[in-house]
Amino acid sequence: EAENNNIPVHAEGIKADKITIQPHSVTLLSWVSPDKYAPSATRIYKSRVAKEGVELSWWKRDIADGYLVSYGTDPEKPDHQIRLNNADECNTIVKGLSKGGSYYFTVKAINKEGESEKSQVLKRSMITPSKPAIFKVAKRDTTITIMWKSVANADGYMVYVNDGKKTKAYDAKNVFGYRIEGLKYNVNYNISVAGYNGLGTGAKSEFKTVSCKKHLPYPPRNISAKETASGHIVLEWITQDTINPGVKYRLYRGRKLHEFEVLAEGVEGSSYLDKTASASDNYYYTVKSYNTAGECNFYPNVATVIKRNKQINIDIQSISELAEAWEVKVKFSNVKLDGDVYYGVAVSDISYLNVEEDVYRTNDATRGEFTLQVPKDKLKRGRTYAIKAFVNTNGKSLYSLPPHKNIEFK
């Protein structure tokens with residue numbers, strides 16, 4: 001490993017009772033022991049079904065003189081053996097196997113002192129692979145990615161793509177996912193997968209029909225679920241698609257992890273109040289973006305409900321329009337004020353998809369209340385803005401919970 005990283009390696013033989021070790025170095029000392037041992041166990045790390053039989057590869061053992069391959073149809077009583085009398089021969093093809101049969105293989109390292117423990121038991125069948133199943137399809141621009149469940153006896157997979165006129169085949173090798181590039185928009189592609197080995201190709205999976213669409217939205221990120229003072233669940237996420245048109249959000253909820261049902265759709269913005277759930281119940285939430293081109297490929301994460309500390313409260317009491325500004329009055333209670341404390345409101349333009357917000361702050365608060373003004377010359381006419389209040393204490397901002405207060409600058 002050191003030589004592969006261009007680090008100089010020095011090897012020398014010495015006869016001495018003491019040796020000097022250079023600073024900032026790694027030293028490996030080895031010597032010939034008068035004791036003799038049988039090799040340690042090896043492990044089969046690769047196998048494949050070939051026309052001639054089953055090919056096995058295993059890890060080399062330094063003090064081995066050779067290897068003993070045992071196999072048969074009974075994992076407990078293998079009735080055939082192959083002896084390899086070469087320490088470097090860590091690969092062989094077991095021939096003479098019956099088509100359709102299943103066999104179990106183990107390997108032992110051997111030398112003059114004895115045999116190692118046997119390797120793990122490996123099962124391979126002399127049949128073509130069974131039919132895989134596609135479980136995920138994702139698309140982005142003119143690229144489609146598919147994922148499938150691996151099947152027994154497959155040494156690789158072929159991906160077939162039919163555009164209604166001809167079929168192209170792609171060798172995906174021994175993986176469970178493949179990306180197909182260079183496709184066209186608005187063409188229905190029928191995609192299937194089949195496993196193969198040395199005996200041939202197995203049955204194709206059920207095909208998936210996929211069409212690439214322009215303007216497919218980017219997924220949101222960082223969904224959170226928090227209990228409100230009223231006992232409902234407020235969901236918040238970060239929108240990150242400011243390019244594609246007509247993006248909305250679809251909320252999912254489930255009582256079991258990754259088993260979701262649609263909670264709400266057509267949601268605009270970056271928050272939603274679930275009034276149909278109680279924080280006393282255990283729910284899982286996630287969110288996806290969608291538009292007329294389709295739904296985003298992946299959800300960002302799965303959120304569990306954060307229970308509310310019922311003593312902490314930050315609430316916007318009122319928003320009043322003045323001649324040159326909007327005046328925001330905020331009340332808070334039971335917030336532990338520690339460190340560099342300041343107070344404020346965050347203002348977000350929700351007329352369009354926007355991930356940025358402007359912060360207005362003050363250092364003045366009296367008896368759990370503070371007031372500040374948002375200048376009108378910092379806003380744009382014809383826009384709608386969401387306002388949330390916060391208290392920054394101990395290096396962390398605590399925010400008022402959605403639904404946030406809105407103002408319209410006409």
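**Close-ups of an all-strand predicted model**

**View 1. Ala 389, a buried residue in strand E30.** At 0% relative accessibility, Ala 389 counts as buried (under 20% relative accessible area is buried, over 50% exposed, and in between partly exposed, with a 1.4 Å probe and protein chains only). This is a predicted model, so local features need pLDDT of at least 70 and side-chain atom pairs count only at pLDDT 80 or more, while totals for chains, interfaces and linings use all residues. Residues are numbered from 1 along each chain as its sequence is written, and side-chain values use heavy atoms, with hydrogens and water left out. Ala 389 belongs to strand E30, residues 383–393 (strands are DSSP runs of E, at least two residues; helices are runs of H or I, at least four; both are numbered from the N terminus). Setting aside neighbours within four places in sequence, Ala 389 is in contact with Ile 314, Ile 316, Val 330, Gly 344, Val 345, Leu 398, Tyr 399 and Ser 400 (contact means heavy atoms within 4.5 Å). Val 347 sits 42 residues from Ala 389 in sequence, and the C-alpha atoms of the pair are 9.0 Å apart.

**View 2. Lys 388, a charged neighbour in E30.** Is Lys 388 buried or exposed? With a relative accessible area of 19%, Lys 388 is buried. Beyond the neighbours within four places in sequence, Lys 388 has contacts that include Glu 357, Tyr 399, Ser 400 and His 404. Other partners of Lys 388 are Ile 316, Gly 344, Val 345 and Ala 346.

**View 3. Strand E14 and its pairings.** Eight of the 10 residues of E14 (residues 188–197) are buried, so this strand is largely enclosed by the rest of the structure. Strand E11 (residues 156–162) runs antiparallel to E14, joined by seven bridges (two strands pair if DSSP finds at least two bridges between them). To find this pairing, look for Tyr 160, which stands opposite Ser 192 in E14. Strand E16 (residues 208–211) is also antiparallel to E14, with four bridges, and here Tyr 189 has Val 210 as its bridge partner in E16. Then there's the short E15 (residues 200–201), which pairs with E14 over two bridges in the antiparallel sense. E14 and E15 make a hairpin with two residues between them, and Asn 197 faces Gly 200 of E15.

**View 4. Two asparagines with positive phi.** Asn 186 isn't a glycine, yet its phi is positive, about 60°. Asn 186 lies in the loop between strand E13 (177–180) and E14 and is exposed, at 55% relative accessible area. Asn 334 also has a positive phi, near 55°. Where is Asn 334 found? Asn 334 is in the loop between strand E26 (325–333) and strand E27 (342–349), and its relative accessible area of 56% makes it exposed.

**View 5. The two faces of strand E29.** Strand E29 (residues 369–375) has a covered face made of Phe 370, Leu 372 and Val 374. Its uncovered face carries Glu 369, Thr 371, Gln 373 and Pro 375. E29 pairs with E26 over seven bridges, in the antiparallel sense. One spot to check is Glu 327, which stands opposite Gln 373 of E29.

**View 6. Trp 59 in a loop.** Trp 59 lies between strand E2 (53–58) and strand E3 (66–72). Its relative accessible area is 44%, so Trp 59 is partly exposed. Leaving out neighbours within four places in sequence, Trp 59 is in contact with Thr 42, Arg 43, Tyr 45, Tyr 67 and Cys 90. Tyr 45 is 14 residues away along the chain, with 7.1 Å between the C-alpha atoms of the two residues.

**View 7. Zooming out for context.** The protein has 32 strands and zero helices. Its radius of gyration is 33 Å, well over the 22 Å that the globule rule gives for 410 residues, so it is more spread out than a compact globule (the radius is taken over C-alpha atoms; the rule is 2.2 Å times the number of residues to the power 0.38). Along the principal axes, the C-alpha atoms fill a box of roughly 95 × 75 × 45 Å. Of the 410 residues, 38% count as buried. Among contacts between residues at least 6 apart in sequence, 60% join residues at least 24 apart.
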